[in-house]
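Reader: I keep meeting words like "buried" and "polar contact". Could you show me how such words are earned?

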Amino acid sequence: MNEDKEMNDPGRFVRVGIAESSEEQKEKLSDLIKEMDGFTIVGAVPVPALAEMMCEDYGVELLLMNPAEVEGVSGMRAAKQIKMHHPDIKIIFLITTQAQKNDDSVIEDALKIGVDSVIFYESATLKLGGVMSDCMAGKRRYLGSPLILEKEFAEEYGFNKTEYLLLYELEDFTSKSEIAGRFGIPPEQVEEHMRHMLELTGCTDMGDLRLKLLMEKGVASSYISPKQEYTEDSVTFGK
């Protein structure tokens, strides 16, 4: 078992474990997490079969793992066992776009066994930190649509550059005012861009627009309606 402990006091941080057979992906995840506040890596294993032992030995609170099968045991099976024996351990699956296309049931299966979140490796650089924080706060997220697929969707419907960026960033914000602050534009301009996006796609609200993207591009995303995640200052139109 490979252990990768931080020098600082792990009691002050969420204790993270990684179960990933690819050394390249493991290294990328480790580098991302080391740049985050509030998380520390306490262990890493190359096969899913060792994940539960790692969690028990090192007090893992949040487990990042690949659901694929390695040496006869799949990450899906290992996660199911961990959730049965240690329901308080949070689990985030990381999958590739190609893997999801090869097995489009992986997101649904993860949801059924209680996996807390799913994210694409292709989106990890931008999305992982927010997903990990949400996960520890009890918010389940199932993210999809890597950047390249959203770009194709934006070009197909004639979105401008700002609207393309809004499409990609929407899941990370809960209100028009937050989005406006991130983009440095007035909330009224955000609303105008979103209305234009809805007109171009024929959707009634931004939640429906996300679902349209998922259906047309065949990429799994949130099984929890985006509309359920918004505050009263919600991004919904056409009602």
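Author: Happily; here are some of those words, each set against its definition. This is a predicted model, where local features need pLDDT of at least 70, side-chain atom pairs count only at pLDDT 80 or more, and totals for chains, interfaces and linings use all residues. Residues are numbered from 1 along each chain as its sequence is written, and side-chain values use heavy atoms, leaving out hydrogens and water.

Reader: Why is Asp 116 called buried?

Author: Buried means under 20% relative accessible area (exposed is over 50%, partly exposed in between, with a 1.4 Å probe and protein chains only). Asp 116 has 8%, so the word buried fits.

Reader: What makes the link between the side chains of Asp 116 and Lys 83 a polar contact?

Author: The term asks for a pair of N or O atoms within 3.5 Å; within protein, one must be able to donate a hydrogen and the other to accept it, and residues adjacent in sequence count only if both atoms are side-chain atoms. The side chains of Asp 116 and Lys 83 are joined at 2.8 Å, which is within that limit. The side chain of Asp 116 also reaches the backbone nitrogen of Ile 91 at 2.8 Å.

Reader: How do you know how many disulfides there are?

Author: A disulfide is a pair of cysteine sulfur atoms within 2.5 Å, and a search of the whole structure finds 0.

Reader: Are Cys 55 and Cys 203 buried or exposed?

Author: Cys 55, with a relative accessible area of 4%, is buried. Cys 203 has 14%, so Cys 203 is buried too.
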